[in-house]
Amino acid sequence: MDGPTPNTPSFRFWPDSAESTLNPEDLFMRIILTGAAGFLGSHLAARFLADGHEVVGVDNLITGTGENVARLQESERFTFREHDVSTPLFMAGHVDGVLHFASAASPVDYLEFPIQTLKVGSLGTHNMLGLAKAKEARFLLASTSEVYGDPDIHPQDEEYWGNVNPVGPRGVYDEAKRFAEAMTMAYHRVHGIPVRIARIFNTYGTRMRPGDGRVVSNFLIQALRGEPLSLYGDGGQTRSFCYVDDLVEGLVRLFESTYSGPVNLGNPDEFTVRDLAEIVLEMTGSESEIEFRPLPEDDPKIRRPEIRLARELLGWEPKIGLRDGLEQVIPYFREQVEGKDARARPLA
Ligand code: UDP
């Protein structure tokens, strides 16, 4: 058979023609980070600040929180611009990197904001690529495992083109991110700007909104409140859950690399959603029951990242297993439930 076999990542993807724009003499960068008020954006911003860089956070706060912004504002190297990046953003001064993390990312959110999700992935990506081009900055796109849709190969490697329903309810997110990847590669090929594409798989951790609606936050909050766990379908569908600290390390390494093609970042340990429900019940000591609900349309039946490329290129792999990660995050959700009466947000 000609060409690469599945699960054998080739290195045919676009090495940088423009090599590094990051001057190794310049220890500290000025970074524009869209989605800085969100879950991943705020963790990534905190990491860049801790490493000594300057971060301009941009967010329109439709799914991000003022609380995340306030925490980042404790650093004098952080500034915040409340702005919807679906419209152009002008910025004075020198910029080393533009990282585009703005988007609804929970299915519950992108069902509530379908047009905004399409706009931030398409117009927002175009605007941020334009900014990166104008500033001669490196660009990183937060893409997603959703580009693989409901996959018919397993695990999913970067060579797989995906199985996405463009007109289904998830299409607004999946197609926006697929367009965003295409636009990113076009800017790389046409304008030679250095680009990075992170295909991010399911990630959880502190600072997730309690009402985010994704499975880890829903189950933990429901278990801690003694409410039934909302299990969609028969729970036989699988996901692979990455702890946020591992993901942030992968993102930083990818940003600093010289590789322009998409790279999967996620934890390859795969669990059924039913397994997750049982682990959550056991670890929280909850007596909650499991309540079976209909499986949402186009919900992927299996998902696990092939991370060989990230291992080889970045020397990266996750270090925190699901139980260790849950142990770290349970106190955060307990605080949300006990101190703030936080509620889960299952699909209606
Ligand atoms: N899920 C569930 N109960 C919930 C939320 C999600 O059973 O309250 C299931 C959902 O159907 C999917 C998996 O958990 O199969 C992961 O869903 P999530 O919304 O976290 O993210 P996705 O991976 O679908 O983007």
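These exercises, with worked solutions, cover a predicted model.

**Exercise 1. The ligand shell**

Task: find how many residues surround the ligand, which are the closest, and which elements supply two or more of them.

Solution:
- Start with the count. The ligand is surrounded by 15 residues.
- Pick out the closest. They are Arg 214, Val 215, Asn 218, Ser 230 and Tyr 232.
- Assign elements. Two or more shell residues come from α6 (215-225) and from β8 (229-232).
- Look for the top contributor. β8 gives the most, with three residues.
- Sort by class. The shell holds seven nonpolar, five polar and three charged residues.

**Exercise 2. α6 against α8**

Task: describe how α6 and α8 pack, and which residues meet.

Solution:
- Take the geometry. The two helices pack at an angle of about 40 degrees, and their axes are 10 Å apart.
- Take the hand. The crossing of α6 and α8 is right-handed.
- List the α6 side. Val 215, Phe 219, Leu 220, Ala 223 and Leu 224 take part.
- List the α8 side. Their partners are Val 273, Leu 276, Ala 277, Val 280, Leu 281 and Thr 284.
- Classify the contact. Ten residues are nonpolar, one is polar and none is charged.
- Link back to the ligand. Val 215 of α6 meets α8, and Val 215 is also among the closest residues to the ligand.

**Exercise 3. α8 against α10**

Task: decide whether α8 is parallel or oblique to α10, then name the contact residues.

Solution:
- Find the angle. The axes of α8 (residues 273-284) and α10 (residues 322-340) come within 11 Å and cross at roughly 50 degrees.
- Apply the cut-offs. Roughly parallel needs an angle under 35 degrees, and roughly perpendicular runs from 65 to 115. The crossing therefore makes α8 oblique to α10.
- Add the hand. This crossing is right-handed.
- Name the residues. α8 uses Ile 279, Met 283 and Thr 284, while α10 uses Leu 322, Arg 323, Leu 326, Glu 327 and Ile 330.
- Classify them. Five are nonpolar, one is polar and two are charged.
- Spot the shared residue. Thr 284 touches α10, and Thr 284 also meets α6.

**Exercise 4. Leu 313**

Task: place Leu 313, and work out whether Leu 313 is buried or partly exposed.

Solution:
- Locate the residue. Leu 313 is in helix α9 (residues 308-314).
- Count its surroundings. Within 10 Å there are 17 other C-beta atoms.
- Compare with the cut-off. Buried needs 20 or more, and exposed means 12 or fewer. Leu 313 is therefore partly exposed.
- Find its contacts. Beyond neighbours within four places in sequence, Leu 313 is in contact with Ser 257, Tyr 259 and Val 263.
- Check a distant pair. Leu 254 is 59 residues from Leu 313 in sequence, yet their C-alpha atoms are 8.4 Å apart.

**Exercise 5. Backbone exceptions**

Task: locate the cis peptide bond of His 154 and Pro 155, and say what phi is at Arg 207 and at Asp 298.

Solution:
- Recall the background. Most peptide bonds are trans, and most residues other than glycine have a negative phi.
- Take the cis bond. His 154 and Pro 155 are joined by it, with omega about -10 degrees. Pro 155 sits in the loop between β5 (138-144) and α5 (171-191).
- Take Arg 207. Its phi is positive, near 70 degrees. Arg 207 is in the loop between β7 (203-204) and α6. Arg 207 counts as partly exposed because 19 C-beta neighbours lie inside 10 Å.
- Take Asp 298. Its phi is also positive, near 65 degrees. Asp 298 is in the loop between β13 (290-293) and α9. With 18 other C-beta atoms within 10 Å, Asp 298 is partly exposed.

Terms used
Residues numbered from 1 in each chain as written. Predicted model: local features only at pLDDT ≥ 70, side-chain atom pairs only at ≥ 80, totals over all residues. Near = placed C-beta within 6 Å. Helix = DSSP H or I, 4+ residues; strand = E, 2+ residues; numbered from the N terminus. Nonpolar A, V, L, I, M, F, W, Y, C, P; charged D, E, K, R; others polar. Contact = placed C-beta atoms within 7 Å. Axes fitted to C-alpha atoms, helices over the stretch in contact; angles between N-to-C directions. Parallel < 35°, antiparallel > 145°, perpendicular 65-115°, else oblique. Left-handed = near helix turned anticlockwise from the far one by under 90°.
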